[in-house]
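Trainee: I am new to this structure and would like to learn how its terms are justified. Could you take me through it step by step?

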Number of protein chains: 2
Amino acid sequence: MPLKGLLIVVSAPSGTGKTTLCRMLLKEFKNMEFSVSYTTRPPRKGEVNGKDYFFVSREEFERMVEEGDFLEWANVYGNLYGTSKSQVLKALEEGKDILLDIDVQGALQVKKNLPEAVLIFIMPPSFEELEKRLRSRGTDSEEVIEKRLNVAKEEIKKAPFYDYIVVNDVLDVAFNKLKAIITAEKCKTERLKNQFDKLIKDRAIVELLKEAENV
Amino acid sequence: MPLKGLLIVVSAPSGTGKTTLCRMLLKEFKNMEFSVSYTTRPPRKGEVNGKDYFFVSREEFERMVEEGDFLEWANVYGNLYGTSKSQVLKALEEGKDILLDIDVQGALQVKKNLPEAVLIFIMPPSFEELEKRLRSRGTDSEEVIEKRLNVAKEEIKKAPFYDYIVVNDVLDVAFNKLKAIITAEKCKTERLKNQFDKLIKDRAIVELLKEAENV
């Protein structure tokens with residue numbers, strides 16, 4: 001498929017530093033943007049349609065589900081949330097890199113619906129450290145922290161199904177690895193095949209590569 | 001296979017800057033070393049056995065060929081040169097990263113014999129630039145330059161069979177891409193599976209990952 005951009009899917013247990021790392025990625029790669037999800041949840045004060053979410057009716061959402069337009073979708077406490085395949089594909093074809101910050105269930109759905117997606121699991125260095133980070137936020141009750149740790153265990157069991165695993169022990173080291181994964185994916189021959197024209201400005205070289213392709 | 005190190009195979013047409021880039025890689029990655037080839041060619045003055053080459057008799061070399069010990073081998077003007085599989089595997093199992101700087105024929109042989117090898121093709125930005133670089137060396141005759149350009153054309157036709165393509169237009173940009181490829185390959189789940197123990201110091205997390213592995 002002639003996708004010019006990369007679809008990067010990042011998942012991590014709560015408290016692993018995913019939000020910070022995603023923000024750093026968006027700052028580093030000017031061509032990268034977050035995917036805007038569709039939701040049936042009513043907009044909160046200040047939320048902008050098409051920027052924070054695409055706010056749609058339940059009927060419209062269900063129609064999109066039936067038409068198979070979601071790369072992934074989920075019911076969260078009665079509200080539906082989903083990532084539109086047509087919208088993501090359009091952005092990728094325009095050459096944008098799209099970042100999806102979603103949970104494990106959603107990530108595996110995306111991989112199934114779009115195998116070209118690059119799945120990265122951010123791993124805490126230890127449960128001890130994860131617990132420490134969750135406590136240091138000071139926002140969650142003991143019960144919530146316990147629950148988050150149990151959810152983390154289930155999520156970590158799915159890490160082997162991701163393409164890459166990055167342990168976030170030292171933030172800069174983890175960020176460097178994320179950057180490297182994106183840079184390397186852009187050098188993959190499989191991804192470049194449709195872009196030889198853009199990559200290499202010499203027609204003679206492009207012709208040789210295309211010739212080999214057709215063998 | 002529980003290979004702890006990476007086997008990186010780099011090929012490029014003569015004049016593309018491969019030697020410079022390989023030297024930069026060895027300087028950057030302290031754990032990386034060149035593979036030492038076996039050869040039937042007699043040692044030149046100052047060459048050290050086991051460092052520059054392993055110098056062996058034709059009989060010994062042919063025995064190794066029969067035993068299937070070469071990842072790749074070739075006859076170059078009557079002398080035999082080859083990369084020993086058992087030697088490379090030993091180094092990889094010890095956790096070393098091995099760099100192989102070989103031609104296209106050899107690289108494709110390596111991939112066939114060890115699919116875990118990571119093949120990187122360094123591409124000149126254009127034939128014009130390649131010709132300019134070959135001339136600026138001032139070492140080759142017009143005839144040799146013509147020959148090198150023709151060989152380059154045949155080599156470039158094989159680039160689509162490599163895992164990655166890096167265009168060496170600006171040296172630092174190309175080097176950054178090479179570094180990224182190596183860093184990213186080390187984050188690949190497939191490669192990490194056998195190293196969860198080393199990667200993650202928390203037994204509980206390692207156990208969860210292994211559990212998922214066995215599903």
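Mentor: Gladly. This is a predicted model, and a good place to begin is chain B, where five strands form an open sheet in the order β2-β7-β1-β8-β9 with parallel pairing.

Trainee: What makes β2 and β9 of chain B edge strands?

Mentor: Each has a single partner strand, so one side of β2 (32-34) and one side of β9 (164-167) in chain B is left without a neighbour in the sheet. Neighbouring strands here are also turned against each other, by 25° on average with direction ignored.

Trainee: How do you know that β1 and β8 of chain B pair?

Mentor: Pairing needs at least two bridges between the strands. Strand β1 (residues 7-11) and strand β8 (residues 118-123) of chain B have four, in the parallel sense, so they meet the requirement of at least two. Along this pair, Val9(B) stands opposite Leu119(B).

Trainee: Which helices go with this sheet?

Mentor: One is α4 (residues 104-113) of chain B, which packs on the sheet and touches β1, β7 (97-101) and β8 of that chain. The direction of α4(B) makes about 155° with that of β1(B). Another is α7 (residues 171-185) of chain B, lying across β1, β2, β8 and β9 of chain B at about 160° to β9(B).

Trainee: Why does β5 of chain B have one side without a neighbour?

Mentor: That strand belongs to an open sheet of four strands in chain B, ordered β4-β3-β6-β5 with mixed pairing. There β4 (54-55) and β5 (70-76) of chain B stand at the edges with a single partner strand each, so one side of each has no neighbour in the sheet. The pairing of β5(B) with β6 (residues 79-84) of chain B is antiparallel, over six bridges, and Glu72(B) stands opposite Thr83(B). Helix α3 (residues 85-93) of chain B lies across β3 (38-39), β4, β5 and β6 of chain B, at about 30° to β6(B).

Trainee: What joins β5 and β6 in chain A?

Mentor: A hairpin with two residues between the strands, where Tyr77(A) takes a positive phi near 50°. These two strands of chain A pair in the antiparallel sense over six bridges, and Phe70(A) stands opposite Ser84(A).

Trainee: Why is the contact of Lys18(A) and Asp101(A) called a salt bridge?

Mentor: The limit is 4 Å from a Lys or Arg side-chain nitrogen to an Asp or Glu carboxyl oxygen. For Lys18(A) and Asp101(A) the N to O value is 2.6 Å, so the pair falls within 4 Å. Lys18(A) is in helix α1 and Asp101(A) in strand β7 of chain A, so the pair ties together parts that are 83 residues apart in sequence.

Trainee: How many salt bridges cross the interface of chain A and chain B?

Mentor: Two. One of them is Lys157(A) with Glu211(B), whose closest N and O atoms are 3.3 Å apart, so this pair is also within 4 Å. The interface also has 12 residue pairs in polar contact.

Trainee: Which element of chain A gives the most to the side that touches chain B?

Mentor: That is α10(A), with seven residues. The residues on that side of chain A divide into 25 nonpolar, three polar and 11 charged.

Trainee: How much area do chain A and chain B bury between them?

Mentor: About 3200 Å², 74% of it on carbon and sulfur atoms. In residues, 39 of chain A are in contact with 39 of chain B.

Key:
Residues are numbered from 1 along each chain as its sequence is written. Chains are lettered from A and ligands numbered from 1 in the order in which they are written. This is a predicted model: local features need pLDDT of at least 70, side-chain atom pairs count only at pLDDT 80 or more; totals for chains, interfaces and linings use all residues. Side-chain values use heavy atoms; hydrogens and water are left out. Axes are lines fitted to C-alpha atoms, for helices over the stretch in contact, and angles run from 0 to 180 degrees between N-to-C directions. Contact means heavy atoms within 4.5 Å. Buried area is the accessible area (1.4 Å probe) that two parts lose on being put together, summed over both. A polar contact is a pair of N or O atoms within 3.5 Å; within protein, one must be able to donate a hydrogen and the other to accept it, and residues adjacent in sequence count only if both atoms are side-chain atoms. Ala, Val, Leu, Ile, Met, Phe, Trp, Tyr, Cys and Pro count as nonpolar, Asp, Glu, Lys and Arg as charged, and the others, Gly among them, as polar.
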